[in-house]
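Colleague: I should be grateful for a close look at one part of this protein, namely a pair of packed helices. Please describe how the two helices meet, and then set that part in its wider context.

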Amino acid sequence: MGSGDPHMKIIHGEAGYILEDVPHFSDYIPNLLTYPNLLRSNPAYSVVKQYFVDADDTVPQKVVVHKSGPRGIHFRRAGPRQKVYFKSDDVLACIVTCGGLCPGLNTVIREIVCGLSYMYGVNKVIGIYGGYRGFYSDNTITLTPKVVNDIHKRGGTILGTSRGGHDTAKIVDSIHDRGINQVYIIGGDGTLRGASVIYEEVRRRCLKVAIAGIPKTIDNDIPVIDRSFGFDSAVEEAQRAINAAHVEAEGAENGIGVVKLMGRYSGFIAMYATLASRDVDCCLIPESPFYLEGKGGLLEFIEKTLEENGHMVIVTAEGAGQDLVTESMQVMNQKDASGNKLLQDVGLWLSHRIKDHFGRKKNTVINLKYIDPTYMIRAIPSNASDNVYCTLLAQSAVHGAMAGYTGFTAGLVNGRHTYIPFNRITESHNQVVITDRMWARLLSSTNQPSFLNPKDDNVAKKTELPIQLLDGQKDEHQSENHIATKS
C-alpha cells in the first residue's frame, strides 16, 4: 500500500474532518455472515459499561488544533465490536515475528494467544518459526495459553526471527493451503511493508484472511504512533550503561566514557536516556550533524569539558555521524537483508579519533572507555510499562481481526488505541526534530553546543524554526520524514 493505493479509504466530514480508515472484509467479499461477540457473555466483561466500541468512534492524529482550523486526520478507534466475522471454532490464527529483537516480543505473542483464547474461545493458534521464510519452510509451533504462560519473563522471541525471506506468492499459498484465516505480523517498517503486500495479494484472491500488524522498533522511529513497544525498556536499561561509563570516567584522570545506543535513523533512545540520566555531557544523534575539528567542533568541546570537570560522558546513537565515518573509512554503502543501510561503528570510530587527537597533545593523557550495550539492551524482557502496552496492543489487534478489519496495524495515538492503515506506518521514519522543545531541553541539560557547521548552508536552513503546521501541510524547510515529537 503506497500513497497512491487504490484501496485507501478516505472519509471526509464536516469542519475539515478526515478519517483515514482501514480495509474491511466487506470491502471486497459480499454477503458475509456475522455473529454476536462472545464478550457479551464473558463474565470478565459483564461489569464493564459500554465495553463495545461505537462504529463511529475515531481518534485525532493531533490534539493541538487552532479554533478556526480543520479538525484534521483521524483513525478508527480500536476495540471490540458488537458483531464479529468469525466463529471461534473456525479460526486458525498464526503469529510471526520478523526483524531485530526488541523487549516485549514475547509479551505480544503471549497476549495474542491468551486474548484469542480467553476472550473469543479460539483454540487453534500456531507460531510461524523464523520470520517470513517460516511460512514456506513448514516451521510451525502450536501455541496455547499453557505454552506461552511465562514467556513474557524472557527476552527475545520464542518464535525466532530473521530478516528478508519474503516471497509473497509462497507466503499466501501457505496461508491458503493451511487454512489460516488470521495472520498477526510483528515487525518494523520493512516487515510491515511485507505485510502490506501480503494483504494486497490476499485481497486480490478474495480470501477471508485478516492481516493484522503490530509495529515493532526499539528505536521508536515509526511515525503516527505515540511510541513503539520496547522503547521504555530500552531507555531504562540504557541508564545502566551510562552509569557505568560515568563511574569509569569519574574514577580516572581525564576520563571519557563513550556509550553507543540504538538509533539507526532516529535518536530517541539516546535523547531520552541522556535526559533521564543527567550524567551525560554530550549527546549525538543522526538528526543533528556534527563536526570534529576546528572552532565549535566536538573535539574542542571535549577539551573544554575535561578542563572544567576532569571527566565527561558522551552518548551517541548508532546512526549519528555516519557521513563522517563513511568518508573517513572510505567504505561503500551496503544494506542488510531487510534493506537497511549497514552502519559503521560510530562509537569505535569516535573513540579512535578522540584518542588520536589527544595523542598529539603531549601534555594531555586521557583514559577512554567505550561501551556498546546494544545486544544486551535488545535481549532484556520488557519492563512493567511496556508489558502493559504490549498487552493492549495485542488485544487491540485481536479485536480488529475478529471484527473483520484487515490490512491494519494497531497503535497508540494520543493515548488511544487505534487501527492505522499500513501505508501510514511505512511511509516515513519518526525522527527527533532539532528545532523542537525536547531537543532544546536536552541541549540545556547537557550544556553542549549544537555542533552545526556555520559553513554548511543546508544544515543552517534545517535549524530555522518551522511554523506550527496543520495536517496535510508541509514546511518547505522541514523534511517529510521529520514528524514532530510530542512535548
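Modeller: The account below begins with the requested helix pair and then turns to a second pair, a single strand residue and the protein as a whole. The model is a predicted one, and the description should be read accordingly.

The pair chosen is α4 and α5, which span residues 231-250 and residues 268-277 respectively. Their axes lie 9 Å apart, and the helices pack at an angle of about 60°. Because of that angle, α4 is oblique to α5. The crossing of these two helices is right-handed.

On the α4 side, the contact is made by Phe 231, Ala 234, Val 235, Ala 238, Gln 239 and Ile 242. Facing them from α5 are Phe 268, Ile 269, Tyr 272, Ala 273, Thr 274, Ala 276 and Ser 277. By residue class, the contact of α4 with α5 comprises ten nonpolar and three polar residues, with no charged residue.

A second pair, α2 and α3, may be set beside the first. Helix α2 covers residues 168-178 and helix α3 covers residues 189-204; they pack at an angle of about 60°, with axes 10 Å apart. That angle makes α2 oblique to α3. Here, too, the crossing is right-handed. Thr 168, Ile 171, Val 172 and Ile 175 of α2 come into contact with Val 197, Ile 198, Glu 201 and Val 202 of α3. The contact of α2 with α3 consists of six nonpolar residues, one polar residue and one charged residue.

Away from these helices, Arg 416 offers a view of a strand. This residue belongs to β17, which runs over residues 416-421. Its relative accessibility is 48%, so Arg 416 counts as partly exposed; the range for that class lies between 20% and 50%. When neighbours within four places in sequence are set aside, the contacts of Arg 416 are Val 59, Arg 77 and Gly 411. Arg 77 is 339 residues away along the chain, yet its C-alpha atom is 7.4 Å from that of Arg 416.

As for the whole, the protein contains 13 helices and 17 strands. It has 487 residues, of which 54% count as buried. Of the contacts between residues at least 6 apart in sequence, 78% join residues at least 24 apart. The accessible surface amounts to about 21700 Å², and carbon and sulfur atoms account for 48% of that area.

Methods. Residues numbered from 1 in each chain as written. Predicted model: local features only at pLDDT ≥ 70, side-chain atom pairs only at ≥ 80, totals over all residues. Heavy atoms only, no water. Axes fitted to C-alpha atoms, helices over the stretch in contact; angles between N-to-C directions. Helix = DSSP H or I, 4+ residues; strand = E, 2+ residues; numbered from the N terminus. Parallel < 35°, antiparallel > 145°, perpendicular 65-115°, else oblique. Left-handed = near helix turned anticlockwise from the far one by under 90°. Contact = heavy atoms within 4.5 Å. Nonpolar A, V, L, I, M, F, W, Y, C, P; charged D, E, K, R; others polar. Buried < 20%, exposed > 50% of the residue type's maximum accessible area, 1.4 Å probe, protein only. Areas by Shrake-Rupley, 256 points an atom, 1.4 Å probe, with all protein chains shown as cover.
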